[in-house]
Number of protein chains: 2
Amino acid sequence: MAAEKTIKYSRQREAIVKFLEGRKDHPTAEFIYRHIREDYPNISLGTVYRNLSLLEELGQVIKISCGDGNDHFDPNVEPHYHFICRECGSVLDIEMDSIDFINTLAEKNFGGRIDGHKAYFYGVCHQCCEMEK
Amino acid sequence: MAAEKTIKYSRQREAIVKFLEGRKDHPTAEFIYRHIREDYPNISLGTVYRNLSLLEELGQVIKISCGDGNDHFDPNVEPHYHFICRECGSVLDIEMDSIDFINTLAEKNFGGRIDGHKAYFYGVCHQCCEMEK
DNA sequence: TTCAATATCAGTAATTGTTACTAATATTAT
DNA sequence: ATAATATTAGTAACAATTACTGATATTGAA
């Protein structure tokens, strides 16, 4: 039987969780690191990465790989969709009902089993739309 | 006026195009490199990367960033969807009609403009389903 | 309340995927 | 052919992430 590693409390991990709590801007590890450092000047970037992937395993955060080269992190683990602005690159939440029925559509002519999907929407965000005027 | 860089023929680029032609397995740059080297032992990985991004600019290939850490390349530039197997990590095509209407759904309660999307489906591929038995 | 076991840390080095640089080579229009 | 220049191989640089190490913090039990 695999010896389950017990998880000990750490201030650093708590700070990361607190920092992410309620955020909607899906920061990168680097961004989180820079801000946590204001309270914990000695925290290392490795600690941020290690804890983010631990929190991901624990199901407390979601990693968003939207293809811009950096992973982004989201404390909202409920299934939802993201938008990436072609202008400014910001990653925003999309408010829409679940579209799980596309799994069934996708499974129609497919040999295997489909149980999930990720969708990224692209365009120009509200803020950048305003700038165009 | 921007001096358009004219594009000269190169055997290496042709070899890459030929190698990708008709493939359905969405290889990575590294994979392409290893195989092209059988015919062109001196080709460098940089050349593969450079040509792949050139071909992408030319609209001859599509780069797939599915979040497994490696970019994959697809000679099929028609809009279509991909599946990623949770077991073996293979990236497969999904045969399904366009679901562009989800853009409209997504734009409903969204401030900005939405003009495209990417969707990745997850599950267990046919081959891995068989292995489970 | 010690104390031993060990998870976590900071700091740093290593890895990995990708891009940039450079002098030599290949292609193309003339 | 030749001149202009795009492309190359090879290598170095880069950025994001992960692994390593000895020191430190947390925890359950004595």
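Is A:E14 buried, partly exposed or exposed? In this predicted model, A:E14 has a relative accessibility of 36% and therefore counts as partly exposed. The close-up views below begin with this residue.

**View 1. The salt bridge between A:E14 and A:K18 in helix α1 of chain A.** The side chains of A:E14 and A:K18 form a salt bridge in which the closest N and O atoms are 3.8 Å apart, a separation that falls within the 4 Å cut-off for such a pair. The two residues are four positions apart in helix α1 of chain A, so that about one helical turn separates them. Whereas A:E14 is partly exposed at 36% relative accessibility, A:K18 has a relative accessible area of 51% and is exposed. Over all chains, the count of salt bridges comes to 10.

**View 2. A salt bridge within chain A and another that joins chains A and B.** In chain A, the side chains of A:R23 and A:D25 meet in a salt bridge, with an N to O distance of 2.7 Å. Both ends of this pair are partly exposed, A:D25 having a relative accessibility of 35% and A:R23 a relative accessible area of 25%. A further salt bridge, with an N to O distance of 2.6 Å, is made by the side chains of A:R86 and B:D115. Because A:R86 lies in the loop between β3 (81-85) and β4 (91-94) of chain A while B:D115 belongs to strand β5 (residues 113-124) of chain B, this pair joins two chains. B:D115 is partly exposed, its relative accessibility being 43%.

**View 3. The surroundings of DNA strand D.** Of the 21 residues around DNA strand D, those that come nearest are A:Y49, B:K8, B:S10, B:T47 and B:R50. Sugar and phosphate make up 82% of the atoms of this strand that come within 4 Å of the protein. Two of the contacts with phosphate oxygens of DNA strand D involve chain B: a backbone N or O atom of B:I43 lies 3.4 Å from one such oxygen, and an N or O atom in the side chain of B:N51 is 3.2 Å from a phosphate oxygen. A base oxygen of DNA strand D, by contrast, has a polar side-chain atom of A:K8 at 3.0 Å. At least two residues of the surface near DNA strand D are supplied by each of α3 (45-57) of chain A, α1 (11-20) of chain B and α3 (45-57) of chain B, and the largest share, three residues, comes from α3(B). By class, this surface has five nonpolar, nine polar and seven charged residues.

**View 4. The surroundings of DNA strand C.** A:K8, A:S10, A:T47, A:R50 and B:Y49 come nearest among the 21 residues around DNA strand C. Of the atoms of this strand within 4 Å of the protein, 84% belong to sugar or phosphate, and the rest belong to bases. A polar side-chain atom of A:R50 lies 2.4 Å from a phosphate oxygen of DNA strand C, and for B:R11 the corresponding distance from a polar side-chain atom to a phosphate oxygen is 3.5 Å. B:K8 places a polar side-chain atom 3.0 Å from a base oxygen of DNA strand C. The surface near this strand takes at least two residues from each of α1 (11-20) of chain A, α3 of chain A and α3 of chain B, with α3(A) giving the most, three residues. Its residues divide by class into five nonpolar, nine polar and seven charged.

**View 5. A nonpolar surface patch formed by residues of both chains.** A:F101, A:L105, B:F101 and B:L105 form this patch, and together they have about 310 Å² of accessible area. Helix α4 (101-107) of chain A and helix α4 (101-107) of chain B each supply at least two of the residues. A:F101, which is found in helix α4 of chain A, is partly exposed, with a relative accessible area of 39%.

**View 6. The buried residue B:H72 and its polar contacts.** B:H72 is found in strand β2 (residues 71-74) of chain B and, with a relative accessibility of 8%, counts as buried, the cut-off being under 20%. A polar atom of the B:H72 side chain lies 2.8 Å from the backbone oxygen of B:H26. The side chain of B:H72 also makes a polar contact with the side chain of B:D68, at 2.9 Å.

How values were computed. Residues are numbered from 1 along each chain as its sequence is written. Chains are lettered from A and ligands numbered from 1 in the order in which they are written. This is a predicted model: local features need pLDDT of at least 70, side-chain atom pairs count only at pLDDT 80 or more; totals for chains, interfaces and linings use all residues. Side-chain values use heavy atoms; hydrogens and water are left out. A residue is near a molecule or strand if one of its heavy atoms lies within 4 Å of it. A polar contact is a pair of N or O atoms within 3.5 Å; within protein, one must be able to donate a hydrogen and the other to accept it, and residues adjacent in sequence count only if both atoms are side-chain atoms. Ala, Val, Leu, Ile, Met, Phe, Trp, Tyr, Cys and Pro count as nonpolar, Asp, Glu, Lys and Arg as charged, and the others, Gly among them, as polar. Patches are made of residues with over 30% relative accessible area and no salt bridge: like charges are joined within 9 Å, nonpolar side chains (Val, Leu, Ile, Met, Phe, Trp, Tyr) within 5 Å. Accessible areas come from the Shrake-Rupley method with a 1.4 Å probe; for residues, only the protein chains shown count as cover. Buried means under 20% relative accessible area, exposed over 50%, partly exposed in between (1.4 Å probe, protein chains only).
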